[in-house]
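Trainee: I should like to go through this model with you, one feature at a time. May I put my questions in turn?

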Amino acid sequence: MAEYKGRYRFSFGPWNIDQGGDPFGPAVRKPELLKKKMQVARDLGFDGMQWHDDDVVEDLDKKTAAEISKTSKRVKKMLDDHGLEAEFVAPRLWFAPETVDGAYSNPDPKCRRYAIERTKKCIDIANAIGARNIVLWLAREGTYIRESKVGREGVLMIRDAINTFLEYDPQVRILIEPKPNEPVDSALIPTIGHAIGLSYITVDPRRVGGLIESAHSILAGLDPADDMAYALAHKKLWSVHLNDQGGLKFDEDKSFGSYNLRRAFNQVRVLEEASYGRNGEWVGLDVKAMRTQKQAVAWKHLRNSKQTFMDLLEKVRTLDTKLEAQFKAQRDYEELDRYIVAHLMGVKA
Ligand code: GLO
Ligand code: MG
């Protein structure tokens with residue numbers, strides 16, 4: 001067991017208190033003001049918030065540099081007033097007409113230029129609200145049909161874009177959030193292994209790392225705890241989006257641990273044992289309220305996810321690792337299996 005018993009810092013983004021719309025039905029809740037979302041964060045004991053560039057500056061594409069700076073400062077002040085920090089800003093590169101067929105890997109050079117300029121604005125916003133990290137969720141960097149693009153070229157275009165950002169701001173750190181599909185059929189950077197591989201072919205690999213979302217690993221058929229372990233081995237797990245997922249479905253963003261408690265336990269364990277957080281890493285909760293949830297209580301998924309993390313942390317810290325070592329030495333994995341299940345249920349093995 002690691003000797004570091006750090007305090008975990010939690011964050012979520014404004015999109016995690018949403019209106020409940022889905023591809024088959026409209027919004028079922030009214031939008032909440034940013035101020036209200038910050039109050040929820042503060043009241044639930046979160047330490048920070050995550051941002052899309054246009055969560056900070058609405059209609060970003062239409063704003064001048066002076067307007068961007070002024071609005072960012074206002075949001076920074078709101079954060080300060082609520083005692084919250086900004087963890088990262090992510091460019092929203094999946095909404096504009098220029099990003100219909102991808103952002104950095106769009107076959108049209110004009111569209112690629114748009115994506116790069118938009119990301120530079122995102123970096124400026126991050127600096128203005130006190131975040132050193134930007135997150136690239138590469139939503140549309142991929143294909144709907146394999147023959148539509150040359151995969152190798154697409155990967156190198158993404159690398160070139162990342163190099164541009166590393167050179168644009170010598171301090172910025174770039175966290176790639178991989179996802180295998182949705183909205184595209186097939187992503188160019190589908191897993192953390194791809195993201196880390198990509199980091200090594202940039203001009204400054206020390207400033208390119210990863211953010212792992214549980215659901216995205218599961219959608220790739222992988223175990224999120226193993227994905228986290230892989231990134232930790234490379235010293236490149238710089239943030240997480242904990243949530244849960246009922247198998248290979250759409251990206252459900254369920255509350256952490258709500259579907260598979262043991263899988264959640266192993267994620268907390270891998271983080272704890274690697275002293276995650278010691279270098280300032282955050283625990284982000286990328287969870288959504290169920291569509292059935294009424295307006296007034298559409299924040300409980302955040303409270304519950306954080307509480308489940310803390311409860312599982314207690315389970316990690318009270319695990320009898322001597323007993324576990326004995327089972328391992330005897331190669332009695334059936335006994336180990338039952339011990340873990342019993343420990344999670346709080347019953348005798
Ligand atoms: C979608 C992603 C998305 C990102 C967010 C920040 O599947 O999880 O919510 O986390 O845009 O980059
Ligand atoms: Mg996410």
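The exchange below concerns a predicted model.

Trainee: In which order do the eight strands close into a barrel?

Mentor: The pairing in this barrel is parallel. Neighbouring strands of the sheet are turned against each other by 30 degrees on average, direction ignored. The order in which the eight strands close is β1-β2-β3-β4-β6-β8-β9-β10.

Trainee: Which residue in β6 is the bridge partner of Val-135?

Mentor: Strand β4 covers residues 133-137, and β6 covers residues 173-177. The two strands run parallel and are joined by five bridges. For Val-135, the bridge partner in β6 is Leu-175.

Trainee: At about what angle to β9 does helix α8 run?

Mentor: Helix α8, residues 224-233, lies across β8 and β9. Its angle to β9 is about 165 degrees.

Trainee: Is α3 parallel, perpendicular or oblique to α4?

Mentor: Two packed helices are described by the angle between their axes and the distance between the axes. Here α3 and α4 have axes 9 Å apart and pack at an angle of about 40 degrees. Roughly parallel would require an angle under 35 degrees, and roughly perpendicular one of 65 to 115. The angle therefore makes α3, relative to α4, oblique.

Trainee: Is the crossing of α3 and α4 left-handed or right-handed, and which residues of α4 make the contact?

Mentor: Where α3 passes α4, the crossing is right-handed. On the α3 side, the contact is made by Ile-68, Ser-72 and Lys-76. By class, this contact has three nonpolar, one polar and two charged residues. The α4 residues are Lys-121, Ile-125 and Ala-128.

Trainee: Is Ser-275 buried or exposed?

Mentor: Ser-275 is found in the loop between α9 and β10. Its phi is positive, about 55 degrees, although the residue is not a glycine. The relative accessible area of Ser-275 is 6%, and the cut-off for burial is under 20%. Ser-275 is therefore buried.

Trainee: Asp-59 also has a positive phi; what is its exposure class?

Mentor: Asp-59 lies in the loop between α2 and α3, with phi near 50 degrees. Its relative accessible area is 48%. Because this value falls between the limits of 20% and 50%, Asp-59 is partly exposed.

Trainee: How far apart in space are Tyr-259 and Asp-244, C-alpha to C-alpha?

Mentor: Tyr-259 is located in the loop between β9 and α9. Beyond its neighbours within four places in sequence, Tyr-259 is in contact with residues including Asp-244 and Lys-254. Tyr-259 and Asp-244 are 15 residues apart in sequence, and their C-alpha separation is 6.2 Å.

Terms used
Residues are numbered from 1 along each chain as its sequence is written. Chains are lettered from A and ligands numbered from 1 in the order in which they are written. This is a predicted model: local features need pLDDT of at least 70, side-chain atom pairs count only at pLDDT 80 or more; totals for chains, interfaces and linings use all residues. Side-chain values use heavy atoms; hydrogens and water are left out. Helices (H or I, at least four residues) and strands (E, at least two) are DSSP runs, numbered from the N terminus. Contact means heavy atoms within 4.5 Å. Two strands pair if DSSP finds at least two bridges between them. Axes are lines fitted to C-alpha atoms, for helices over the stretch in contact, and angles run from 0 to 180 degrees between N-to-C directions. Angles under 35 degrees count as roughly parallel, over 145 as roughly antiparallel, 65 to 115 as roughly perpendicular and the rest as oblique. A crossing is left-handed if the near helix is turned anticlockwise from the far one by less than a right angle, and right-handed if clockwise. Ala, Val, Leu, Ile, Met, Phe, Trp, Tyr, Cys and Pro count as nonpolar, Asp, Glu, Lys and Arg as charged, and the others, Gly among them, as polar. Buried means under 20% relative accessible area, exposed over 50%, partly exposed in between (1.4 Å probe, protein chains only).
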